[in-house]
Every structure is written in structure tokens, then in C-alpha cells.
2 protein chains.
Amino acid sequence: MIQQRRPTREGVLDAAAKVAAILPPTPLLPVEIDGVQCWAKAEVLQPVGAFKIRGAWHRLSALDEEERVRGVVAVSSGNHAQGVAWAAQRLGIRATIVMPRNAPQVKLNATRALGADVVLYERPEEDRDEVAARLIETSGATLVHAFGDPWVIEGQGSAGIEAEAQLGRSPSRFVACCGGGGLAAGLALACPDSAIHVVEPEGWDMVGQSLAAGEIVRVGANPPATICDALQPDATKPINLGVLQGRAEPGVSVTDEEVRAAQRFAFAKLRLVVEPGGAAALAAALAGKVPLDADTVILLTGGNTDAASYAATLAGG
Amino acid sequence: MIQQRRPTREGVLDAAAKVAAILPPTPLLPVEIDGVQCWAKAEVLQPVGAFKIRGAWHRLSALDEEERVRGVVAVSSGNHAQGVAWAAQRLGIRATIVMPRNAPQVKLNATRALGADVVLYERPEEDRDEVAARLIETSGATLVHAFGDPWVIEGQGSAGIEAEAQLGRSPSRFVACCGGGGLAAGLALACPDSAIHVVEPEGWDMVGQSLAAGEIVRVGANPPATICDALQPDATKPINLGVLQGRAEPGVSVTDEEVRAAQRFAFAKLRLVVEPGGAAALAAALAGKVPLDADTVILLTGGNTDAASYAATLAGG
């Protein structure tokens with residue numbers, strides 16, 4: 001494996017400047033939870049409906065001319081896919097995205113609508129990284145990993161730089177949903193004085209378990225079902241754990257029902273459409289699983305969800 | 001009737017400064033309609049979920065000590081109610097709100113949760129202005145009319161000042177939902193070079209008809225049903241028509257089905273929850289009923305809707 005460069009705070013600041021040049025800051029909205037007024041960062045309002053556009057833009061805009069010609073490959077359940085497709089379309093780069101066949105239809109359609117080639121794989125039978133590796137072998141394209149990439153980590157961290165500027169001080173803590181740990185690692189680098197709380201779906205808390213074990217723990221053979229389609233990687237990567245180890249708070253996990261309650265809360269109190277994975281951090285906050293104070297920033301990371309499943313979630317309240 | 005002062009552009013600028021001191025600007029989000037990239041102003045992200053907080057704040061914060069002690073009375077189907085209740089709570093003023101018994105439950109609950117006294121009336125049998133007048137007679141409270149009030153008009157116009165600053169130039173046109181014409185009149189004063197398109201529910205296009213007739217036209221005896229609960233005043237007021245006459249474009253009306261399609265569009269493309277009345281302007285844009293260009297600003301005015309009816313709207317797509 002090629003030696004990766006390490007993501008740095010300077011890289012996050014560079015990413016924040018690049019992101020600010022093309023995307024307005026997402027709003028930091030006041031939200032009251034159990035009598036505490038804290039903040040929700042509405043990443044669902046990004047053009048692709050998720051924070052993933054940040055890391056994708058930082059990574060793709062750093063490619064040189066030769067790399068741009070060879071194109072990019074990404075693996076994603078849908079939000080990173082759209083972020084990469086959006087950045088690639090803007091830069092005139094060919095993007096091939098490896099997506100699970102059971103990804104939400106809305107995510108598959110949106111990725112194709114942004115001009116990307118979509119290659120489907122079967123989850124969980126097929127190893128999506130292997131599918132991507134085969135594509136890269138033939139094309140020489142650059143892999144844009146959804147979380148285990150220094151540029152992607154730095155790019156996601158730009159959300160922390162933005163939140164700090166909006167709040168006028170360092171957040172006391174970030175509460176962030178966590179798949180592989182790209183966002184969490186980026187926030188940790190962005191705001192060295194802020195506590196980092198990672199929130200994962202029950203049974204898929206591989207970052208939390210890895211933090212506790214001090215080494216990478218992979219998901220078991222028969223993981224439980226989760227509605228958080230965006231938070232299902234098999235395991236985190238050394239580059240992510242390397243940043244988070246000794247830096248993040250102990251991991252927190254949330255149930256499907258807690259996630260649905262958070263989606264309903266965001267509907268009624270914030271008038272925001274939040275997908276299950278995007279509501280995980282809010283779910284932890286509402287369930288009393290993380291401390292809250294006036295300088296807490298909860299990330300609402302994505303809002304790409306099929307109308308039918310969203311309607312069912314609302315009806316279940 | 002007491003002679004009202006006239007709303008002015010100076011008043012709108014004053015309101016914009018007062019609003020900016022307590023509320024962050026609502027985002028101006030890019031939105032592509034029929035290949036044209038224009039802008040959506042997300043007023044649904046205001047703390048009470050609607051732009052009405054602007055006019056209420058401008059009006060209530062201008063009351064003197066004696067008036068504050070006597071309290072305020074407002075009549076509203078729910079969004080102005082919450083705006084007035086929010087401002088009153090912040091200023092320590094007692095607020096009594098006259099609301100239709102068939103207002104969405106979510107609006108009734110939210111108004112009470114903000115500490116206001118709610119007095120119900122039967123729509124359309126009872127005249128809500130008469131109910132309010134009786135309350136004022138006994139208490140000496142100040143009436144905060146939902147649209148026919150110079151401060152309220154100026155306050156709503158602050159949305160136009162904000163949009164102009166965000167766009168970096170005068171919008172070519174505003175597309176705004178229209179009940180009594182408070183917002184439309186405010187925008188007309190705020191941005192003298194911008195075209196103003198008022199959008200009303202079919203059968204309730206009393207501002208459009210009044211503009212065409214050159215005098216106030218009241219709704220007929222048996223108006224059709226509409227899902228736009230926020231856009232059902234009987235008629236506009238002289239103060240509103242006075243500003244809009246010769247200034248606004250011919251009125252546009254939209255059907256319930258066009259409104260529902262706009263709610264679904266906002267869900268899927270903007271990840272915003274928009275109530276029927278709040279989606280009327282977007283509905284007109286999507287239906288090709290207003291011209292669009294790169295400097296067009298469409299207002300998404302409110303997002304307070306019951307989960308069950310919203311779920312039904314999504315399912316109907």
C-alpha cells in the first residue's frame with residue numbers, strides 16, 4: 001500500500017478556504033433539547049444534501065491534470081457518491097461510483113443525474129473495496145475513499161471551521177454521526193479544543209469499539225439490520241483511528257427507534273428533512289446519551305431519503 | 001378608524017437592522033427549475049418556522065412601555081400567531097391570539113407553547129377581526145394585524161433586504177405567497193427595482209383580483225376549499241393595496257395539486273419541510289406561471305404542518 005500523507009489542521013484550514021469559495025456556510029440553527037439551547041449544523045442544505053461534498057471537493061480539486069484525465073472511482077452508499085459526482089461534474093472529471101444495489105433509490109438516481117457512472121455491488125456479500133480496486137486497475141483512476149483519505153478527512157473538517165466561525169468561539173463539543181470516521185477525524189483536527197462524540201447505529205459501532213480496543217475492530221459476520229444506510233462500513237481505517245485514538249470521547253450507539261424520533265424532531269422543530277444516518281447524532285442528543293451545553297454543535301449530516309420511508313417514519317410518531 | 005402611518009423603505013431598513021440583531025439571515029439556496037438556476041429563501045428556518053417573526057418583532061419592539069403593559073392581540077391561522085407569541089415572550093408582553101378552531105394542531109400547540117393565550121373562533125362563520133376588536137375593547141391591548149399594519153409590512157420586507165445582500169445585487173423579481181399582502185408590500189418597499197409576483201390559492205386570489213380591479217375585492221360567499229390554511233384572509237387592506245397597486249405584477253393563482261408538487265420538490269431537492277401556503281410561490285415557479293432567471297428569489301415562507309398531512313402529501317407523489 002502506498003504511504004498516505006497525514007491529514008493536518010493546516011489541510012483542514014486549506015479545505016475550509018476552498019469550500020468557502022464555492023459553497024455558502026450551512027446554517028447553524030438554535031435547537032432546544034431538554035431545556036438546553038444548543039446548535040444544529042444543517043449539512044442537509046448542501047447542494048447534494050450532505051456534508052460529503054466538502055471532502056470530495058477538497059480531494060478532487062487537488063488532483064493534477066494527468067490524474068484528472070484518468071478520472072476518479074469512489075465507493076459509497078450514496079452521499080459520498082453524490083459529493084464526488086458533484087465535484088467531478090464541476091471539474092470535468094469522469095467519476096465511477098461503486099454503490100450497493102440496495103442503496104436508497106433517491107441516492108442512486110441523484111448520483112446518475114450528476115453525470116457519474118454507477119457500478120452496483122451486492123451488500124453485504126461483495127467487498128466494495130475489491131470492486132473498486134478492479135476498476136482502478138484497468139483505468140488508472142484515483143480512488144476517492146469515503147473516509148480513509150487525508151483530503152477527504154480534511155475536507156469534512158471544514159464543517160468544524162465553519163461552525164467555530166458562526167458560533168464565535170470553539171464549540172465545547174461536536175456530536176457527529178459516524179460511518180468510517182472521516183467527519184469525526186476532520187472535526188478533531190479542525191477544533192483541537194472541542195470534545196468529539198461519535199455516534200453509530202447499534203451493532204455497527206465499529207469506530208466506538210475500535211476506540212475502546214485501541215485497534216481496528218471489524219463488524220461481525222451477521223450484523224443487525226439498521227435504517228442508517230449511510231453508516232455501514234465494515235471497519236474504520238488506520239488513518240481515521242490514528243486521528244481519533246486518544247482524542248474522541250467513548251463512542252455512543254443509537255437504535256433505529258431513537259433515529260426515527262430524531263427525524264420526527266427535525267421535521268417538527270427545525271423543518272429539515274434528515275435521513276436516518278444524518279439524524280444519528282441528534283438521536284444521541286435527544287436520548288440523553290451525550291452531554292449538552294450552550295456551545296454544543298450537533299451535525300445533521302444528510303437529508304437524502306426516499307419519500308415513502310420518510311412518510312412512514314413521520315406516521316410512526 | 002385611526003389614521004395609520006404609511007410604511008416606508010426607511011422603515012424596512014430599520015426593521016432589517018432590528019431583525020439582523022437577533023436573527024441570523026435565512027439561507028438563500030440555489031434551486032434549479034426547468035434548467036434555470038434561481039434562488040429559494042428558506043424562511044421555514046426561522047425559529048417559529050415562518051417569516052412572520054420579522055413583522056412581529058418590528059412591531060412589538062416598537063411599542064412603548066405603557067403599550068407593552070396593556071399587551072397585544074393578534075388574529076392568525078398560526079404563523080403570525082407564533083411570530084407574535086415569540087416576540088411577546090422575548091419582550092415580556094402578554095399576547096392573546098385569535099385563531100381559527102380548524103387551524104393545524106401543530107400551529108395551535110406551538111402558539112400556546114410560546115406562552116400566548118389562544119382564543120378560538122369558527123372559520124368562516126365568525127369574523128375574526130370582530131373577535132379581536134372585542135378583546136381589545138376590554139383590555140386596551142394593541143392590535144397587531146397579520147398584514148394590514150405598517151410595522152408588520154416593514155418587518156416582512158426585511159427578508160428582501162437580506163436577499164439583496166446575499167445575492168449581491170437587487171433580485172430581478174420576488175415570487176412570494178400572498179395572504180393579505182403584508183410580505184409582498186414589504187418586499188415592494190424593500191427592493192424598488194425588483195418585480196413582485198404575488199401567488200395565491202385558486203379561489204382565494206383576492207390580492208390578484210384587487211390589483212386587477214384597482215379596488216379591494218372580497219372573497220365570495222362560498223370560497224372553494226384550499227390546503228393553504230395560511231393564505232385565507234377575506235380581503236386585503238387599503239394599506240397593502242396602496243403599496244402594491246401599480247407596483248406588483250398581475251397576480252397568479254395555484255391549485256392544491258401544484259402546491260403539493262412543490263412541497264414534494266422542496267422535500268427531495270432542498271431537504272426542507274414546507275407547509276402548503278409556504279410552498280405556493282414555488283408551486284407557481286414549477287408550474288411555469290412566473291418568469292424565472294438567475295436573479296429570481298422565490299420565498300419559502302413557512303414550514304408548520306402536521307406530520308400526518310405532510311406524510312400524505314409525500315405519499316401522493
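**View 1. Where chain B meets chain A in this predicted model.** Let's start at the chain interface: 22 residues of chain B and 22 residues of chain A make up the contact. About 1,700 Å² is buried between chain B and chain A, with carbon and sulfur atoms giving 70% of that area. On the chain B side, the residues that lose the most area to chain A are B:Leu45, B:Phe267 and B:Arg271, which together account for 40% of what that side buries.

**View 2. Polar pairs and helices on the chain B side of the interface.** How many salt bridges does the rule find across the interface of chain B and chain A? The count is 0. Polar contacts are present, though, with 4 residue pairs between chain B and chain A, both partners at pLDDT 80 or more. Two elements give two or more residues to the side of chain B that touches chain A: helix 11 (256–270) and helix 13 (307–315) of chain B. Helix 13 of chain B supplies the largest share of that side, 4 residues. Sorted by class, the side of chain B that touches chain A holds 14 nonpolar, 6 polar and 2 charged residues.

**View 3. A close look at B:Arg271, in a loop of chain B.** B:Arg271 sits in the loop between helix 11 and helix 12 (280–286) of chain B. Its phi is near 55 degrees, a positive value in a residue other than glycine. Is B:Arg271 buried or exposed? With a relative accessibility of 6%, B:Arg271 counts as buried, because the cut-off for buried is under 20%. This is also one of the three residues of chain B that lose the most area to chain A.

**View 4. B:Asp34, between two strands of chain B.** The loop that holds B:Asp34 runs between strand 1 (28–33) and strand 2 (36–42) of chain B. Here too the backbone deserves a look: phi of B:Asp34 is near 50 degrees, a positive value in a residue other than glycine. B:Asp34 has a relative accessible area of 68% and is therefore exposed, a class that begins over 50%.

**View 5. B:Ser210 and its surroundings in chain B.** Helix 9 (residues 206–213) of chain B contains B:Ser210. This serine is buried, with a relative accessible area of 0%. Which backbone atom does the side chain of B:Ser210 reach? The partner is the backbone nitrogen of B:Val217, at 3.0 Å. Beyond the neighbours within four places in sequence, the residues in contact with B:Ser210 are B:Glu215, B:Ile216, B:Val217, B:Thr236, B:Leu241 and B:Gln245.

**View 6. B:Ala17 on helix 1 of chain B.** Helix 1 (residues 9–22) of chain B is home to B:Ala17. With a relative accessible area of 48%, B:Ala17 is partly exposed, because that value falls between the 20% and 50% cut-offs. If you include B:Pro100 in the frame, the C-alpha atoms of B:Ala17 and B:Pro100 are separated by 33 Å, and the two residues are 83 residues apart along the chain.

**View 7. The two domains of chain A and the area buried between them.** Moving to chain A, you can follow its division into domain 1 (2–50 + 152–315) and domain 2 (54–143). Taken over C-alpha atoms, the centres of domain 1 and domain 2 of chain A are 22 Å apart. In the contact, 32 residues of domain 1 of chain A meet 21 residues of domain 2 of chain A. The buried area between these domains is about 2,000 Å², and carbon and sulfur atoms give 53% of it. In domain 1 of chain A, the residues that lose the most area to domain 2 are A:Lys18, A:Ile22 and A:Val48, together 27% of what that side buries.

**View 8. Salt bridges and polar contacts between the domains of chain A.** The count between domain 1 and domain 2 of chain A is 5 salt bridges. For a pair to zoom in on, try A:Arg54 and A:Glu162, whose side chains meet in a salt bridge (3.0 Å, N to O). Between the two domains of chain A, 14 residue pairs are in polar contact, both partners at pLDDT 80 or more. On the side of domain 1 that touches domain 2, the elements giving two or more residues are helix 1 (9–22) and helix 7 (150–167) of chain A. Helix 7 of chain A gives the most to that side, with 7 residues. The residues on this side of domain 1 of chain A divide into 11 nonpolar, 10 polar and 11 charged.

Conventions. Residues numbered from 1 in each chain as written. Chains lettered and ligands numbered in written order. Heavy atoms only, no water. Domains from an automatic or database assignment. Contact = heavy atoms within 4.5 Å. Buried area = accessible area lost by both parts, 1.4 Å probe. Salt bridge = Lys/Arg side-chain N within 4 Å of Asp/Glu carboxyl O. Polar contact = N/O pair within 3.5 Å; in protein donor to acceptor, adjacent residues only side chain to side chain. Nonpolar A, V, L, I, M, F, W, Y, C, P; charged D, E, K, R; others polar. Buried < 20%, exposed > 50% of the residue type's maximum accessible area, 1.4 Å probe, protein only.
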